[in-house]
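Reader: I would like to learn how to read a model of this kind, feature by feature. Where should we begin?

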Amino acid sequence: MVKILDNKLIQQIEEICTARGVRLTSQRKRVFELICSSKKASSAYELLEELKISEPQAKPPTVYRALDFLLEQGFIHRVESTNSFISCCSCNAHKHSSHLLICDECGNVTELQNDKLVTLLEENAEKHGFKIHNHVIESHGVCQSCSSN
Ligand SMILES: [Zn+2]
Ligand SMILES: [Zn+2]
């Protein structure tokens, strides 16, 4: 089941890359696959260890370059508070602010998109003459499946 979803996602980002005229190298694709295959956010170190299984010559810059590319294209998000990465729930959307729910027990990260929340933050900032370029909205807590255990 998960495999089918991944293939669909990979196909989707392949199409987006072709349309944008950017190159999805096999390493970039592999890093994206690794991020998608985990419900938890993955750190660069974990990704490097997993990448080494199929690409033994992979070095930290390999992973960082792939992550930069995937972030730039909006395929993944950085979880700032844990310095790790998750796949975006809407890869075909342009850059957007998302609200991340991070479970401190299982590490599961859920991405929510709420335009009202973003508008509210922008309105509050505007009252102080502040223009927002980028938000980090991350909530830590316990997810539904962990709290029902
Ligand atoms: Zn997203
Ligand atoms: Zn949990």
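Reader: Leaving aside its neighbours within four places in sequence, which residues is Cys143 in contact with?

Author: This is a predicted model, so every contact here is computed from predicted coordinates. Cys143 is in contact with Cys103, Cys106 and Asn108 once its sequence neighbours within four places are set aside. Cys143 itself lies in the loop between β5 and α6 (144–147).

Reader: Is Cys143 buried or partly exposed?

Author: The idea is to count C-beta atoms around the residue: 20 or more others within 10 Å make it buried, 12 or fewer make it exposed, and anything in between is partly exposed. Cys143 has 18 such neighbours, so it counts as partly exposed. Cys103 has 20 and therefore counts as buried.

Reader: Where is Cys103 found, and which residues is it in contact with?

Author: Cys103 is part of strand β3. Apart from neighbours within four places in sequence, its contacts are Asn108, Gly141, Val142, Cys143 and Cys146.

Reader: What does UniProt list for "binding site"?

Author: An unreviewed UniProt entry lists Cys103, Cys106, Cys143 and Cys146 under that heading. With such a list, compare spacing in sequence with spacing in space. These four span 44 residues in sequence, yet no two of their C-alpha atoms are more than 8.2 Å apart, so they gather at one spot.

Reader: How do I read the sheet that contains β3, and in what order do its strands lie?

Author: Start with the order of the strands, then ask which ones pair on one side only. Here 3 strands form an open sheet in the order β4-β3-β5, with mixed pairing. The edge strands are β4 (109–112) and β5 (137–141). Neighbouring strands in this sheet are turned by 20 degrees against each other on average, ignoring direction. Strand β3 (residues 99–103) runs parallel to β5, and 5 bridges join them. Within that pair, Leu101 stands opposite Ser139.

Reader: Why should I look at every second residue along a strand?

Author: In a regular strand the side chains alternate between the two faces of the sheet.

Reader: How many residues lie between β1 and β2 in their hairpin?

Author: There are 4 residues between them, and Asn83 in the turn has a positive phi of about 45 degrees. The two strands pair in the antiparallel sense over 4 bridges, and Arg78 stands opposite Phe85 in β2.

Reader: Which residues have the most contacts inside the largest nonpolar core?

Author: For a core, ask how many residues belong to it and which elements supply them. This one has 27 residues, and those with the most contacts inside it are Val31, Ile35, Val63 and Leu70. At least two residues each come from α2 (26–36), α3 (44–54), α4 (60–72), β1 (76–79), β2 (84–87) and β3. Val31 touches Leu47, Leu51, Val63, Ala66, Leu67 and Leu70, not counting residues up to four places away.

Reader: Which residues of α3 are buried, and what covers them?

Author: The buried residues of α3 are Leu47, Leu48, Glu50 and Leu51. Their cover includes α2 and α4.

Reader: What is the mean pLDDT of the chain, and which element has the lowest?

Author: Read the chain average, then the elements. The mean is 90, and 93% of the residues reach 70 or more. Helix α1 (residues 2–20) has the lowest mean among the elements, 79, while β5 has the highest, 96.

Conventions. Residues are numbered from 1 along each chain as its sequence is written. Chains are lettered from A and ligands numbered from 1 in the order in which they are written. This is a predicted model: local features need pLDDT of at least 70, side-chain atom pairs count only at pLDDT 80 or more; totals for chains, interfaces and linings use all residues. Two strands pair if DSSP finds at least two bridges between them. Axes are lines fitted to C-alpha atoms, for helices over the stretch in contact, and angles run from 0 to 180 degrees between N-to-C directions. A nonpolar core is a set of buried Ala, Val, Leu, Ile, Met, Phe, Trp, Tyr and Cys residues joined through C-beta atoms within 7 Å. Two residues are in contact if their C-beta atoms, placed from the backbone, lie within 7 Å. UniProt positions are given in the numbering used here, feature names are shortened, and annotations may be inferred rather than shown by experiment. pLDDT is the predictor's confidence in each residue, from 0 to 100.
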